[in-house]
Amino acid sequence: MPRVLVIEDDEVTAREIVAELSVHGMTVEWSADGRDGLARASAQAYDLITLDRMLPGLEGIEVVEALRRQQIDTPVLMISALSEVDDRIRGLRAGGDDYLTKPFAPDEMAARAEVLLRRRQPQQHETRLRVGELELDRVRHVAYRQGQPLTLQPTEYRLLEYLMRHSGQVLTRTMIFEAVWGFHFDPGTNVIDVHIGRLRRKIDGTGQAPLIRTVRGTGYMITSAPQNAAAQP
């Protein structure tokens, strides 16, 4: 069971995070102060840290920088009311961590936490990804279905790789947009839906089981498992 440290000075927000992550099967502890949170994260092993950017005692970015100086690589999900992404935040995200702005949907926060946890698993470093009959060669940047190569544009390839790296997991449109396109999601754009549609046409041939599923009101997932009530092609 993953151990999570929540460093958040606002009690209402902290309780919301603790409750949501607990529902997802995580063991969660709470610290309301930057210095106390840093001390806990330095002394104990956690699988994930959710971290408010503005904290009493020590700011969130300073907590991350102190942990990295100690060579503690626990994934960090930074949560902040500040929407701007400065150079220090860009560096945080480039290092494999993530950033979420307030107000946030609890399921979005939990989904991002689960992605960060999965990144630490060994299979994320495999050079080949497989979902059913679909295979992606991350060295040659080529995808195949039933051994037949697929002709993908660069953005389509990045989108497919992101889906396959998190196969079986629901990915929100915000997560997909930020991971593949690299900037904040615009709720008014349909660019994700357009690219998903193109991928489906290239991946799912006649008589082949659909792999990319739409999860109503949330986003998408890729899986070879039988379709359930929550997802549709």
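Q: How many salt bridges does the count come to in this predicted model?
A: Side chains of opposite charge can pair when their charged atoms come close. In this predicted model, a pair is counted when a side-chain nitrogen of Lys or Arg lies within 4 Å of a carboxyl oxygen of Asp or Glu. By this rule, the number of salt bridges comes to 17.

Q: Which residue forms a salt bridge with Glu 8?
A: Glu 8 sits in the loop between β1 (3-7) and α1 (11-23), and Glu 8 is buried, with a relative accessible area of 1%. Its partner is in the loop between β5 (98-101) and α5, 94 residues apart from Glu 8, and is partly exposed at 23% relative accessible area. The closest N and O atoms of the pair are 3.2 Å apart, and the residue that completes this salt bridge is Lys 102.

Q: How many residues apart in sequence are Arg 145 and Asp 204?
A: The side chains of Arg 145 and Asp 204 meet in a salt bridge, with 2.8 Å from N to O. Both Arg 145 and Asp 204 are buried. Arg 145 lies in strand β8, whereas Asp 204 lies in the loop between α8 and β11 (212-215), so the pair ties together parts of the chain whose separation in sequence is 59 residues.

Q: Which residue is the bridge partner of Arg 145 in β9?
A: Strand β8 covers residues 142-145 and pairs with β9 in the antiparallel sense, over 3 bridges. In β9, the residue that is the bridge partner of Arg 145 is Gln 148.

Q: Which strands are the edge strands of the open sheet?
A: Strands of a sheet pair through backbone hydrogen bonds, either parallel or antiparallel. Here 4 strands form an open sheet in the order β6-β7-β8-β9, and the pairing is antiparallel. An edge strand pairs on one side only, and the strands for which this holds are β6 and β9.

Q: Which residue in the turn of the hairpin formed by β6 and β7 has a positive phi?
A: The strands β6 and β7 run antiparallel and are joined by 4 bridges, and one pair of bridge partners is Leu 129 with Leu 136 in β7. The hairpin has 2 residues between its strands, and the residue in the turn with a positive phi, about 60 degrees, is Gly 132.

Q: Which residues make up the uncovered face of β6?
A: In a regular strand the side chains alternate between the two faces of the sheet. In β6, the covered face holds Leu 129 and Val 131, while the uncovered face is made up of Arg 128 and Arg 130.

Q: At about what angle to β7 does α6 run?
A: Helix α6 lies across three strands, namely β6, β7 and β8. The angle at which α6 runs to β7 is about 115 degrees.

Q: Which element gives the largest share of the largest nonpolar core?
A: In soluble globular proteins, nonpolar side chains tend to be buried together. The largest nonpolar core has 30 residues, of which Leu 160, Leu 163, Ile 176 and Ile 222 touch the most other members. Among the elements that give two or more residues to this core are α5 (106-119), α6 (154-165) and α7 (173-180). The largest share, 6 residues, comes from α6.

Q: Why are α5 and α7 described as oblique to each other?
A: Two packed helices are described by the angle between their axes and the distance between the axes. For α5 and α7 the axes are 10 Å apart and the angle is about 45 degrees, and the contact is made by residues including Ala 111 and Val 115 of α5 and Met 175 of α7. An angle under 35 degrees would count as roughly parallel and one from 65 to 115 as roughly perpendicular, and α5 and α7 fit neither description, so the name for their arrangement is oblique.

Q: Is Thr 172 buried or exposed?
A: Thr 172 has its place in strand β10 (residues 171-172). Leaving aside neighbours within four places in sequence, Thr 172 is in contact with Glu 108, Thr 218 and Gly 219. The cut-off for the term is a relative accessible area under 20%, and because the value for Thr 172 is 7%, this residue is buried.

How values were computed
Residues are numbered from 1 along each chain as its sequence is written. This is a predicted model: local features need pLDDT of at least 70, side-chain atom pairs count only at pLDDT 80 or more; totals for chains, interfaces and linings use all residues. Side-chain values use heavy atoms; hydrogens and water are left out. Buried means under 20% relative accessible area, exposed over 50%, partly exposed in between (1.4 Å probe, protein chains only). Contact means heavy atoms within 4.5 Å. A nonpolar core is a set of buried Ala, Val, Leu, Ile, Met, Phe, Trp, Tyr and Cys residues joined through side-chain atoms within 4.5 Å. Two strands pair if DSSP finds at least two bridges between them. Axes are lines fitted to C-alpha atoms, for helices over the stretch in contact, and angles run from 0 to 180 degrees between N-to-C directions. Angles under 35 degrees count as roughly parallel, over 145 as roughly antiparallel, 65 to 115 as roughly perpendicular and the rest as oblique.
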